[in-house]
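Below are some notes for a colleague who has not looked at this structure before. They take up single residues, a helix and the pockets in turn.

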Amino acid sequence: MTEPLLVERDGAVATVTLNRPESLNSLDTALKEALRDALGELERDRTVRAVVLAGAGRAFCVGQDLREHVATLETGTTDPLGTVVAHYNPIAARLAGLPKPVIAAVRGTAAGAGASLALLADFRIGGPKTTFLMAFANVGLAGDTGVSWSLPRLVGHAKAIELLMLAEPVPAAEAQRLGLLTRLVDDDEQVLATAQELAARLASGPTVAYGAIKRQLSVGDAGTLADALAAEAQAQSICGATADHRNATAAFVAKEKPAFEGR
């Protein structure tokens, strides 16, 4: 039986691949549970210093497996969207909260919850065929998997309303212009390699500081100035005690290139 999720290591970089290419990596229960659990393991593994999220085949991820969902609806359950609490919410929390850089290699379509996953990454690399589609309203649903949090932070409230309510495809060039893509490469076949190259660069950096930057921005984006200042003070207290900070400061004074160990 083919594993629905692949996790491969190359040094300090872990590449997590949604592996249901025959269904464009739609999210069935097995894949959601595997992704949720893998993200928890990656968070605890301090030897992993950057994560790439990718999809096998010609799409990144088209969201919920609607065939499985139809079967759930036909059971007459009183909670047909229980997967949001059981799967999507913990996946979103773990993905956004990983204390290390996350790069999404968005080759092909990212729709519905698949788009939400990509938007929770710190960086998103796409190619000419990359397309985002906030498809939820097309099946009579509101957004999930953190999209109500991530999307307006990237494109603003008004554009988020437009993308979610009109649910129209956003092609690659427009996605880059809006900030949905961090980088757009010329060849779809180079999307994953480019994402892994960026991940390798980040994996050699100050991992603790990267995690602190992510936490302080999550506070600063929505909190008050006082909240932001408190988050910054906490972050600098943590980072200031790291070996990376001490060694990099000494290297700077000595006019040498610092070597970060992620601790």
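1. A starting point is G63, which sits in the loop between β3 (50–55) and α2. The model is a predicted one. G63 has 1% relative accessibility and therefore counts as buried, the cut-off for buried being under 20%. P21 is 42 residues from G63 in sequence, and the two C-alpha atoms are 13 Å apart in space.

2. The second largest pocket involves G63 as well. This pocket holds about 380 Å³ of space. It is lined by 22 residues, and those closest to its centre are V62, G63, Q64, D65 and L66. So the buried glycine of point 1 is also among the residues closest to the centre of this pocket.

3. Which elements supply at least two residues each to the lining of the second largest pocket? They are α2 (66–74) and α3. The largest share comes from α2, with three residues. By type, the lining has eleven nonpolar, eight polar and three charged residues.

4. The largest pocket has a volume of about 560 Å³. It has 24 lining residues, of which A121, D122, W149, K214 and L217 are the closest to its centre. Two or more residues of the lining come from each of α3 (83–97), β6 (123–126), α5 (147–155) and α9 (207–220). The element that gives the most is α9, with seven residues. The lining is made up of 14 nonpolar, four polar and six charged residues.

5. Where does the largest pocket lie with respect to domain 1 and domain 2? Residues of its lining come from both domain 1 (5–204) and domain 2 (207–254), so the pocket lies between them.

6. Helix α3 deserves its own point, as it gives residues to the lining of the largest pocket and to that of the second largest pocket. Its 15 residues reach 20 Å from the first C-alpha to the last, close to the 21 Å expected at 1.5 Å a residue. The helix has a kink of about 25° at N89, shortly before the proline P90.

7. Which residues of α3 are buried? They are T83, V84, H87, Y88, P90, I91, A92 and L95. As background, an α-helix has 3.6 residues a turn, so residues three or four places apart point the same way. The list of buried residues includes T83, H87 and P90, and also V84, Y88, I91 and L95.

8. L95 can be related to a residue in a strand. L18 belongs to strand β2 (residues 13–18), and it is buried, with a relative accessible area of 0%. L18 and L95 are 77 residues apart in sequence, while their C-alpha atoms are 14 Å apart in space.

9. Two backbone angles should be checked by eye. Most residues other than glycine have a negative phi. L24 has a positive phi, near 55°, and A167 also has a positive phi, near 50°.

10. Are L24 and A167 buried or partly exposed? L24 lies in the loop between β2 and α1 (29–44) and is partly exposed, at a relative accessible area of 24%. A167 lies in the loop between α6 (157–166) and β8 (170–171) and is buried, at 7%.

Terms used
Residues numbered from 1 in each chain as written. Predicted model: local features only at pLDDT ≥ 70, side-chain atom pairs only at ≥ 80, totals over all residues. Heavy atoms only, no water. 1 Å grid on protein atoms, 1.4 Å probe; cavity = no way out; pocket = protein on both sides within 12 Å on 5 of 7 lines; lining within 4 Å. Points joined across faces, edges and corners; volume = space filled by probe spheres on them. Helix = DSSP H or I, 4+ residues; strand = E, 2+ residues; numbered from the N terminus. Nonpolar A, V, L, I, M, F, W, Y, C, P; charged D, E, K, R; others polar. Domains from an automatic or database assignment. Expected span 1.5 Å × (residues − 1). Bend = angle between axes of the 7 residues up to and from the residue. Buried < 20%, exposed > 50% of the residue type's maximum accessible area, 1.4 Å probe, protein only.
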